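Biologist: Please take me closely through one part of this model, the ligand and what packs around it.

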Amino acid sequence: MNKAEQLAELAAECAACTRCGLHAGRTRSVFSDGNPAARIMLIGEGPGYNEDQQGKPFVGQAGQLLDRMLAAIGLDRQQVYIANIVKCRPPGNRTPTPEEMQACLGYLEAQIALVQPQIIILSGATALQGLLQQKRSISRSRGQWLQWQGIWCMPIFHPAYLLRNAARDKGSPKWLTWQDLKAIKAKYLALMTPITEERRIKDVNQN
Ligand code: SF4
């Protein structure tokens, strides 16, 4: 089976999955969007109302803001692969429980293994904690390069949080996110070009 077929099989598994209680409330599971050949993967928390209705991650207002954030660094959804920590909508858009995240993690790990991104953007605290399996504050972790199984990961604020915090002045969540996006773009460009030994050593020392 090729990559597309394996991802389609995984998506079908999610659609029929009853591994956790979230299956009971879903209209449909939400597996992914974007390009499976992308070098950047973006991971969010889980489907909300609009995502559950449409079967696509990051639609609605938060999705529109995400599209603008990607556009600000010259990217669109065809250059990114998008998935969530849980594939089914938590009731009332509550945060998924650790048990639900754990039940669903195998699907996400399989997606990452197939897509093989070079950069993972962790959008929000749940994405950060769900993938890294550690309780970390998004405010303290955002903007820092972390590694997960040899892949560069950058936590950023979730677009839904940015919608609730509209200020753009220096130090505001939006301003900080712009700094993070610029760092992601720089890392993306650096990974796209042949790496020099000098830059490799600098990267190691900085991170
Ligand atoms: S959230 Fe994940 S583990 Fe739970 S039922 Fe949906 S697909 Fe299965």
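Modeller: Happily! By class, the shell around the ligand holds 7 nonpolar, 1 polar and 3 charged residues (Ala, Val, Leu, Ile, Met, Phe, Trp, Tyr, Cys and Pro count as nonpolar, Asp, Glu, Lys and Arg as charged, the others, Gly among them, as polar). This is a predicted model, where local features need pLDDT of at least 70, side-chain atom pairs count only at pLDDT 80 or more, and totals for chains, interfaces and linings use all residues. Residues are numbered from 1 along each chain as its sequence is written, and side-chain values use heavy atoms, leaving out hydrogens and water. Around the ligand (a heavy atom within 4 Å of it) you will find Cys 17, Arg 19, Cys 20, Leu 22, His 23, Arg 26, Lys 87, Cys 88, Ala 103, Cys 104 and Tyr 107.

Tyr 107 also takes us to a helix contact: Lys 3, Gln 6, Leu 7, Leu 10, Glu 13 and Cys 14 in H1 meet Tyr 107, Ala 110, Gln 111, Leu 114 and Val 115 in H4 (heavy atoms within 4.5 Å; helices are DSSP runs of H or I, at least four residues, numbered from the N terminus). This contact divides into 7 nonpolar, 2 polar and 2 charged residues. The axes of H1 (residues 3-15) and H4 come within 10 Å and cross at roughly 170 degrees (lines fitted to C-alpha atoms over the stretch in contact, with angles from 0 to 180 degrees between N-to-C directions). That makes H1 roughly antiparallel to H4 (over 145 degrees).

In H4, Met 101, Leu 105, Leu 108 and Ile 112 meet Thr 126, Gly 130 and Leu 131 of H5.

Terms used:
Helices (H or I, at least four residues) and strands (E, at least two) are DSSP runs, numbered from the N terminus. Angles under 35 degrees count as roughly parallel, over 145 as roughly antiparallel, 65 to 115 as roughly perpendicular and the rest as oblique.
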